[in-house]
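Subject: Structure handover

Hello,

Please find the structure below, followed by notes on what was found in it.

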Amino acid sequence: MDPIKDTAGKVARNIQAKHNPNQVVKPESVETNSIKKAIGDPNCPICKGIGFISQDLPVGHPDFGKVQVCECRKDQVTASFRSRLYEMSNLDALKDLTFATFQSHGRDNYSKTQSDSVETAYITTRRYADNLTGWIFIWGGYGCGKTHLAAAIANAAVARNIPTLFLTVPDLLDSLRFTFDSEETSFEERFDEIRNIPLLILDDFGTQNMTSWALEKLFQIINYRYINRMPLVVTSNQSVDLIEGRLRSRFLDSTAVERVNIQAPDYRNPAAANDYPELSALGTLLFQKFDTFDLRKSESISKEKLATLERAFQISKEYAANPDGWLVLHGEYGCGKTHLAAAIGHELTTKQKSVLFVSVPDLLDHLRATFSPDSDISYDRRFEDIRTASFLILDDLGTQTTTPWSREKLYQLFNHRYNSALPTVITVSARISDLDKRLLSRMTDDRLCKIIEISVPSYRGSSRKPALKKSPRSNLENTPL
């Protein structure tokens, strides 16, 4: 339905007389006062300043008795209508977030994977904005561009006079709660407006406080639009797998929902593309690279043991050049396995790969920390970030406290990465046979995993201490105390 024609029709919906195409609606008509307020161009030869003209249609035609906005007022009415749409849509502050202002390839320092994901999201959302058919679910980290693309869809819809509502999910829930004390509108009216709006855009899905009431209201809105196949756009920094079951089942319907994953860092932080992931300890191991690795040939170590170190070094370099499957570096404390694992991580970082380097005890502590009331991230989100990391280095496996909970978390982590064949480097100081049998069964699968033994003893540094630099003799030495 054309909203402008509909507005005009309401002004004179009770007119029953048949008019000529250019006949002016007279002041004696029904709703005269409304027409007088809608003054057109006084010099207009068609409407003579009234702003509306009637239509020459036969009795029984669906539009019989309705009037049209005169050409002299169409721009004014369209601008007014669009202004109301922007106000209703909460888009006033987002008018500049359009497809034209979106950087469709991201920043110049993005990796190819990051840039490709941004371009795919741009193409997909632009195509969706043209037809508004079905749903689209956009997910990615903070600042990756998902809100910009959602706002661009909204701005494109409003430009075509399509009533649109753009809300963050917390704001949506607050607007519903506000109606409990409001005299202007009832809860039922506001709720009905949200779920029936022609285009609904929910930004930051998953950041809301998920009380049972909030979950129920969200489900009712989303399920209503799902059943009635009404357009919906959702942005989230969570993958669909972490969303509540009833909602997740709707978002996973591939016949109704197109999912877009933006694998880009925060656009607002130009250095973010090369930053280490939040939990990664790789930034504290800056000097542990391949060119600083000591093959220890000057020490009195047997050739057989030195050969294991040389082999581990070469295999680690080859793995860094083509990371595929799992690599396990096994040896006693100080043999060099952590240095080699960090060197692999640094090599991949130079290729703009995202590398998560974390010791197993620290990993478990990060998971436990999410149970604190002060945590700003959920356990599910933290665990998902770790187990789905594009490249994971687990240092010091076997040194963690072996509680039933820690064993179960590690098994879930290993099992996911094993089934998904995600690149993983593991260092182990304990005896391999002492590890959890479930982990061991994954690590000993030579189709995926290669175990490299390092037999050299713990590195103790050079036996020669560097000479201390002498300072000039001071007069203080001869000064009595």
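**Strand β11 and its neighbours**

In β11, L327 has V425 as its bridge partner. L327's strand is β8 (residues 326–330), which runs parallel to β11 and is joined to it by five bridges. Strand β10 (residues 392–397) also runs parallel to β11, with four bridges between them. There, L397 has V428 of β11 as its bridge partner. Two strands count as paired if DSSP finds at least two bridges between them. Helices and strands here are DSSP runs, numbered from the N terminus: H or I over at least four residues for a helix, E over at least two for a strand.

Before going on, some notes on the model. This is a predicted model, in which local features need pLDDT of at least 70 and side-chain atom pairs count only at pLDDT 80 or more, while totals for chains, interfaces and linings use all residues. Residues are numbered from 1 along each chain as its sequence is written, and side-chain values use heavy atoms, with hydrogens and water left out.

Strand β11 covers residues 424–428, and five of its five residues are buried. Buried means under 20% relative accessible area, exposed means over 50%, and partly exposed lies in between (1.4 Å probe, protein chains only). In a regular strand, side chains alternate between the two faces of the sheet. In β11, T424, I426 and V428 point one way, V425 and T427 point the other way, and all are buried.

**The whole protein**

The protein has 15 helices and 12 strands. Of its 481 residues, 46% are buried. The exposed area is about 25,900 Å², and carbon and sulfur atoms supply 50% of it; accessible areas come from the Shrake-Rupley method with a 1.4 Å probe, and for residues only the protein chains shown count as cover. Among contacts (heavy atoms within 4.5 Å) with a separation of 6 or more, 75% are between residues 24 or more positions apart.

A search of the whole structure for disulfides (a pair of cysteine sulfur atoms within 2.5 Å) finds zero. Two of the cysteines are C144, which counts as buried because its relative accessible area is 5%, and C449, which counts as buried because its relative accessibility is 6%.

**The second largest pocket**

C144 also appears in the lining of the second largest pocket: 18 residues line this pocket, and G143, C144, G145, H148 and Y267 lie nearest its centre. Helix α5 (residues 146–159) gives the most to the lining, with three residues. The pocket has a volume of about 350 Å³, a volume being the space filled by probe spheres set on grid points joined across faces, edges and corners. On a 1 Å grid over the protein atoms alone, a pocket is an open set of points where a 1.4 Å probe fits, with protein on both sides within 12 Å along at least five of seven lines; lining residues have an atom within 4 Å of a point.

**Single residues**

L132 is not a glycine, yet has a positive phi of about 50°. L132 sits in the loop between α4 (112–131) and β3 (135–140), and counts as buried because its relative accessibility is 11%. R296, also not a glycine, has a positive phi near 60°. R296 lies in the loop between β7 (257–262) and α10 (303–321).

S175 lies in helix α6 (residues 169–178). Leaving out residues up to four places away in sequence, S175 touches R190 and I194.

Regards
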